[in-house]
Amino acid sequence: MKERLQKILAQAGLASRRRAEEMILSGRVKVNGEITLTLGQKADPACDLITLDGQKVKCKEDAAYFMFHKPVGYLTALADPYGRPTVKIFLDKLPVRVYPVGRLDKDVSGILILTNDGELARRLMHPSFEVPKVYWVKVKGQLRPEDLLLLSSGRLFIDGKKAAPAQARLVARPPENGWLELILTEGRHRQVKKMCAAVGHPVEILKRVAYASLPLDPKLKAGEIRPLKTGEIKTLKDRVNYDQILPKVRNSDVRI
Ligand code: URA
């Protein structure tokens, strides 16, 4: 199937679409031996020979998207120098190679999106899209209304920098009353734990129950993975204006 060249380069994991456009315009990309300088040009990775700086562009297999219910006890990494268990043992069971979008700590469970679509992953992790993440949290002690206010205020400092305003409320949902539901649009390192500790209520149990408006499928048990449905993929893509070319999205900008 014919696709725009910048999309092919981005899906091959070579660059963001914006960067791929720059590569095309600077004459580094050829299709069947011809330099192509037009951004609208399409090619079919299955039939056309596409090269970047003379090297064949290895086109990825079709994009694949999954929902994973990450269990507690596994690092969100593909390898660990200390030999601790990682989510790789679950990913290895899939027929395609995919990567986690963002990270959950070893002692945190919940929804993790897996994909080989680098462009979507980069956008979902980029702070400018403010992708919402919903956490259920059991904290030590009893949260008071003023703690909830502080958590949501945008005035709470963690690591010397204000945390963005969040939504914080107590939920009467399982496994028992009094859990905190926290909705964050930032993804700083160990953010929920740091925010709760900053109001004097360290986290005891933490679970992510939704990501970018996709709820964790209640039928998915911890450790299970299922393909995303077409509508769910669309929800993710719409959330980050996937079909629009954007100013450069740098790898160094992305956050969980
Ligand atoms: N906040 C945390 O503290 N840990 C996570 O894994 C995710 C969010």
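How do the residues of the shell around the ligand divide into nonpolar, polar and charged, and how many are there of each? There are five nonpolar, one polar and three charged residues, where Ala, Val, Leu, Ile, Met, Phe, Trp, Tyr, Cys and Pro count as nonpolar, Asp, Glu, Lys and Arg as charged, and the others, Gly among them, as polar. This is a predicted model, in which local features need pLDDT of at least 70 and side-chain atom pairs count only at pLDDT 80 or more, while totals for chains, interfaces and linings use all residues. Residues are numbered from 1 along each chain as its sequence is written, and side-chain values use heavy atoms, with hydrogens and water left out.

**The ligand and its shell**
- The ligand is surrounded by Leu104, Asp105, Val108, Tyr135, Arg190, Gln191, Val192, Lys193 and Leu206, each with a heavy atom within 4 Å of the ligand.
- Helix H6 (residues 191-198) gives the largest share of this shell, three residues, a helix being a DSSP run (H or I) of at least four residues and a strand (E) one of at least two, numbered from the N terminus.

**Polar atoms at the ligand**
- A backbone N or O atom of valine 192 lies 3.1 Å from a nitrogen atom of the ligand, and a polar backbone atom of lysine 193 is 3.1 Å from a ligand oxygen atom.

**Leucine 182**
- Leucine 182 belongs to strand S14 (residues 179-184) and counts as buried because its relative accessibility is 0%, the cut-offs being under 20% relative accessible area for buried, over 50% for exposed and partly exposed in between (1.4 Å probe, protein chains only).
- Beyond its neighbours within four places in sequence, leucine 182 is in contact (heavy atoms within 4.5 Å) with residues including Tyr135 and Val192.

Conventions: Polar contact = N/O pair within 3.5 Å; in protein donor to acceptor, adjacent residues only side chain to side chain.
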